[in-house]
Amino acid sequence: MTTNLILFDDPAIRVHLLPFTFTRPVAELRVGILTIAEKWATWLQTKPSYLTQPYLQTKFPHQTNAPEHLYINGSLCPTAALVEAVQTLAVGESLVAPDGQLLAVRSREPLRQPPQTDAWVARPFAEPITLISRIWHMLAENGAQIRVDLAKITEGRTSQPITDPFTHCYAPENIFLEPGAQVRASVLNAENGPIYLGKNAVVSEGSVVIGPFALGEDSTVQWGSRMRMNTTIGPFSKVGGEVGNSILIGYGAKQHDGYLGNSVIGEWCNLGANTNNSNLKNDYTNVKLHSYATDQLEDSGQMFAGLFMGDFTRAGISTMFNTGTVVGVNVNVYGGGFQPKYIPSFSWGGADTGFATYRFEKALQVAREAFVRRGREFDAVEEAILRTIFEQETRRYQSPEAQ
């Protein structure tokens, strides 16, 4: 029987994954090589749809044209045990973790809202799970998910060879190149974790790459770069300088020298030359991060936490971000000194000048140009998403006249 695979946003989790879930369903977050949605598509061999925020549904539709519907929590990463469990769910049953977290349900009728635990016959699931319920979980799980994703997507396949005579590889058996990937005069060290280079990806001359590491399709590591372990560079990105335990979700640009550590950067972001962030406090205490759920700083429980930047945000040259900084969607930040630990969406300015509201039409113009530069069309759907976020977020704070 045909079954729709639908990845749903758990409302109690989604708010903790802002600013990244302003512009995408939870399942479109990238952890490891793949997004969570791509992981489930690979394991179940079917394209998922989404039950997400209404303003996102045009871009990420909810398919309901099947006799049955399998709803899976969009923050949940698949394992062999999970896949077996969700596939054997009967209609009307749910899969529930020991702490009561709803993992999946099977329904005959499509749902209008994310499922609730008490509406289904619960089947307990006691096996270990990876649930991305906080933004720092993306970083904590990234190295492990690179390993899991690589094993799954390369099963039964052979890596393209590295033919460059000036490149040195440690543990070459742990390095996988997709067709068109290139490495030139660089050092790849996969002794402590695998290295994956996607289709047409390039590691340029004089770079050092330490695994676990993933470089997405058509992405480039620039000359003389240092890519440290547990790092993912999503597709269609350009990265340089020093990057460690970080994720660029995709379509990102950090091309120049500067340090990015323990950070997550959304799509269509640009970090100017010599942009740096701190990822460790001098007193080694846990890092506090702005929470969209409580609108205040909350203890992350992490000693290392850097910059968390929403989509379409741009930082000017030599911008400095303090430990545990959260920046919203479509922000233009620049200037001297450390920036505030929280910068709301659609802000324009910096620590030394203050912030104003980014004029929406000007923000659209920049976003549209970013798409054009990558051969993409910025259409009415993309504009509507940004307009909704602008309207929602600018109501949350007062600011001077728009820039």
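These exercises walk through the pockets, the cavity, a surface patch and some unusual backbone spots of the structure above.

The model is predicted, so local features need pLDDT of at least 70, side-chain atom pairs count only at pLDDT 80 or more, and totals for chains, interfaces and linings use all residues. Residues are numbered from 1 along each chain as its sequence is written, and side-chain values use heavy atoms, with hydrogens and water left out.

**Exercise 1. Describe the largest pocket: its volume, its lining and the elements that supply it.**

Step 1. Start with the term: on a 1 Å grid over the protein atoms alone, a pocket is an open set of points with protein on both sides within 12 Å along at least five of seven lines, and lining residues have an atom within 4 Å of a point. A cavity, which you will need later, is a set of points where a 1.4 Å probe fits but cannot get out. Grid points are joined across faces, edges and corners, and a volume is the space filled by probe spheres set on the points.

Step 2. The volume comes to about 690 Å³.

Step 3. Now the wall: 34 residues line this pocket, and Glu-28, Tyr-50, Lys-59, Phe-60 and Glu-267 lie nearest its centre.

Step 4. Elements are DSSP runs numbered from the N terminus, with helices (H or I) of at least four residues and strands (E) of at least two. Strand S1 (3–8), helix H2 (36–44), strand S2 (49–51) and helix H7 (380–394) each supply at least two lining residues.

Step 5. Sort the lining by type, where Ala, Val, Leu, Ile, Met, Phe, Trp, Tyr, Cys and Pro are nonpolar, Asp, Glu, Lys and Arg are charged, and the others, Gly among them, are polar. The largest pocket then shows 16 nonpolar, eight polar and 10 charged residues.

**Exercise 2. Which element gives the most to the lining of the second largest pocket, and which to that of the largest cavity?**

Step 1. The second largest pocket holds about 340 Å³ of space. Its lining has 16 residues, with Ala-253, Asn-270, Arg-314, Arg-373 and Arg-374 closest to the centre.

Step 2. Two or more of these residues come from each of strand S26 (270–271) and helix H6 (360–373). H6 gives the most, with four residues.

Step 3. Turn to the largest cavity, with a volume of about 40 Å³. Its lining includes Trp-268, Phe-312, Arg-314 and Asn-330, and H6 is again the main contributor, with four residues.

Step 4. By type, the cavity lining has six nonpolar residues, one polar and one charged.

**Exercise 3. Where are the cis peptide bonds that precede Pro-19 and Pro-212?**

Step 1. Leu-18 and Pro-19 are joined by a cis bond with omega of about 10°. Pro-19 sits in the loop between helix H1 (11–14) and H2.

Step 2. From Gly-211 to Pro-212 the bond is cis too, with omega near 5°. Pro-212 belongs to the loop between strand S15 (208–210) and strand S16 (213–215).

**Exercise 4. Are Asn-245 and Phe-346 buried or exposed?**

Step 1. Recall the cut-offs: buried is under 20% relative accessible area, exposed over 50% and partly exposed in between (1.4 Å probe, protein chains only).

Step 2. Asn-245, with a positive phi of about 40°, counts as buried because its relative accessibility is 18%.

Step 3. Phe-346 has phi near 55° and is buried, with a relative accessible area of 0%.
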